Amino acid sequence: MTGFMTAQPLPARSKAFDLLLAGALCMTLGFLSIAQAGYGGVLAFAMLGPLWWRRSYPELVFFGVSAVAVLQWLVGIDLFPGNVGLLIALYTISVYGDVRYSRIALGVGGLGVLMATSRYWSNSDWRQQVTMMVALGAVVLGVWAFGERRRTRGLYVAQLEARAAQLERDRDRESKLAVSAERTRIAREIHDVVAHGLSIMIVQADGGLYAADQSPEAAKKALATIGDTGRASLTEMRKMLGLLKADEQRELDPNQPRPQPGVSSLPELIENVREAGLSVDYSVTGRPRDLPALLGLTAYRIVQEGLTNTLKHAGPGARTSVALDFGREMLTVVVTDDGRGGGVAPSTEPGHGLVGMHQRASVSGGTVSAGPKAGGGYEVIAKLPYNLPTGGQQ
């Protein structure tokens with residue numbers, strides 16, 4: 001709403017329309033008023049001319065035109081065609097003016113009906129007076145009510161537009177958050193792939209270097225394992241980087257299914273680790289079931305991170321076991337080793353793998369506990385419920 005003396009910003013088209021309206025009314029109704037009321041009809045121009053500014057200053061125009069109408073009544077000039085300007089000003093203030101002044105304008109219009117009727121009080125009987133009063137009152141009330149309806153509709157449309165704009169902003173913000181979350185997930189995938197692949201390659205390189213002189217066949221096997229592991233890691237990294245590249249060209253759909261390793265891929269992972277020289281026992285208890293993609297990927301990455309940590313920190317001769325228990329309500333993943341430390345590839349940033357485990361498990365609604373075992377070694381236990389929390393990414 002605008003104040004009494006505050007101009008509303010209007011587009012040039014609206015200003016031009018109001019100028020044409022005021023000019024056309026002055027040229028027609030203005031001169032008709034002069035023809036009817038003589039020189040007193042000049043007052044019609046004072047009622048019709050200000051309509052040029054009716055939407056910029058709706059309150060000021062209405063009360064100014066009303067003052068001219070009071071002057072017309074005081075000098076005894078009868079109603080003339082130019083009085084239509086009063087109705088146009090009343091309509092304008094009810095649409096564009098402040099609500100308080102719009103209510104006052106309706107009262108002024110009612111008072112004007114009484115004043116106009118009183119002008120003909122002595123020249124007509126009471127039936128004509130009542131008829132005239134009712135007719136003029138109906139016109140004034142109808143014009144004001146039509147303007148109020150227009151105002152209400154305009155406010156409703158503006159509210160809908162504001163709500164639509166807010167929904168669009170919310171959608172854009174959620175899209176950006178989804179992109180950020182997806183990029184974080186892909187970065188975590190790349191970390192797991194690189195850390196696991198490099199750990200195996202370093203172990204094989206150290207073993208191949210040691211066996212180069214005494215057992216050339218073992219050295220060749222180690223080199224072959226390094227090549228296979230490097231190619232597999234590179235292929236998986238390219239897949240992840242391909243997702244990042246595609247994200248720059250289209251909006252990410254976090255629910256779009258993508259091929260990811262799961263529990264069914266664990267035997268292949270464990271076999272690769274065994275070829276790297278780490279002794280791994282693998283067991284499954286309970287009745288295996290089909291798992292959601294996110295849950296299967298979480299279990300796979302936790303086992304991968306646990307085996308990678310064993311390669312890094314457990315030291316030579318360590319034995320590792322991976323156990324999956326399909327319980328009634330959750331999958332339990334246990335990765336243990338009996339290492340004493342002294343691994344060949346110590347991490348320069350300890351703790352990142354464990355943080356990744358906790359983040360993955362929390363997204364799946366599960367928990368991870370990790371720490372040294374009594375008597376030596378290390379143990380990782382993950383409990384992953386089958387029912388994913390609402391909003392989990394697939």
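## Starting from a glycine

In which helix does Gly306 lie? Gly306 belongs to helix α9, which covers residues 293-313. Keep in mind while you look around that this is a predicted model. With a relative accessible area of 6%, Gly306 falls below the 20% limit and therefore counts as buried.

What does Gly306 touch, once its neighbours within four places in sequence are left aside? The partners are Val335 and Met357. Another residue to look at here is Thr336: its C-alpha atom is separated from that of Gly306 by 8.0 Å, although 30 residues along the chain lie between the two positions.

## The chain as a whole

Let us step back for a moment. The protein chain has 394 residues, and 39% of them count as buried. Its secondary structure comprises 10 helices and 5 strands.

If you take the contacts in the protein chain with a separation of 6 or more, residues 24 or more positions apart account for 75% of them.

## Helices α3 and α4

Now to three helices that can be taken pair by pair. Helix α3 spans residues 58-74, and helix α4 spans residues 84-96. The two pack at an angle of about 155°, with their axes 9 Å apart. Because angles over 145 degrees fall in that class, α3 is roughly antiparallel to α4. The crossing of α3 past α4 is left-handed.

Which residues meet here? On the α3 side they are Pro58, Glu59, Val61, Phe62, Phe63, Val65, Ser66 and Ala69. On the α4 side they are Gly85, Leu86, Ala89, Leu90, Thr92, Ile93 and Tyr96. Sorted by character, the residues of this contact give 11 nonpolar, 3 polar and 1 charged.

## Helices α4 and α5

Helix α5 runs over residues 99-119. Its axis and that of α4 come within 8 Å and cross at roughly 155°, and α4 and α5 are therefore roughly antiparallel to each other. Their crossing is left-handed.

Leu90, Ile93 and Ser94 are the α4 residues of the contact, and they meet Tyr101, Ser102, Ala105 and Leu106 of α5. By character, the residues of the contact of α4 with α5 comprise 5 nonpolar and 2 polar, with no charged.

## Helices α3 and α5

Are α3 and α5 roughly parallel or roughly antiparallel? Their axes come within 11 Å and cross at roughly 15°. Angles under 35 degrees count as roughly parallel, so α3 and α5 are roughly parallel to each other. α3 passes α5 in a left-handed crossing.

From α3, the contact draws on Glu59, Phe62, Phe63, Ser66, Val70, Trp73 and Leu74. From α5, the participants are Tyr101, Ile104, Ala105, Val108, Met115, Ser118 and Arg119. The residues of the contact of α3 with α5 split into 10 nonpolar, 2 polar and 2 charged.

## Aromatic pairs

How many aromatic pairs does a search of the whole structure find? There are 5. One of them joins Phe62 and Phe63, whose ring centres are 5.2 Å apart with the planes at 80°, so this pair is edge-to-face. Phe62 counts as buried because its relative accessibility is 3%. Phe63 has a relative accessible area of 23% and is partly exposed. Together with Tyr101, Phe62 and Phe63 form one aromatic cluster.

The pair of Tyr91 and Phe146 has its ring centres 5.8 Å apart and its planes at 25°, so it is stacked. Tyr91 sits in helix α4 and Phe146 in helix α6 (residues 126-211), so the pair ties together parts that are 55 residues apart in sequence. Tyr91 is buried, with a relative accessible area of 18%.

## An exposed arginine

For a last stop, go to Arg287. Where does Arg287 lie? This residue is in the loop between β1 (279-286) and α9. Is Arg287 buried or exposed? Its relative accessible area is 73%, and with over 50% counting as exposed, Arg287 is exposed.

From C-alpha to C-alpha, Arg287 and Arg328 are 8.9 Å apart in space. In sequence, Arg287 and Arg328 are 41 residues apart.

Technical notes: Residues numbered from 1 in each chain as written. Predicted model: local features only at pLDDT ≥ 70, side-chain atom pairs only at ≥ 80, totals over all residues. Heavy atoms only, no water. Axes fitted to C-alpha atoms, helices over the stretch in contact; angles between N-to-C directions. Helix = DSSP H or I, 4+ residues; strand = E, 2+ residues; numbered from the N terminus. Parallel < 35°, antiparallel > 145°, perpendicular 65-115°, else oblique. Left-handed = near helix turned anticlockwise from the far one by under 90°. Contact = heavy atoms within 4.5 Å. Nonpolar A, V, L, I, M, F, W, Y, C, P; charged D, E, K, R; others polar. Phe/Tyr/Trp six-rings, centres within 6.5 Å; stacked < 30°, edge-to-face > 60°. Buried < 20%, exposed > 50% of the residue type's maximum accessible area, 1.4 Å probe, protein only.
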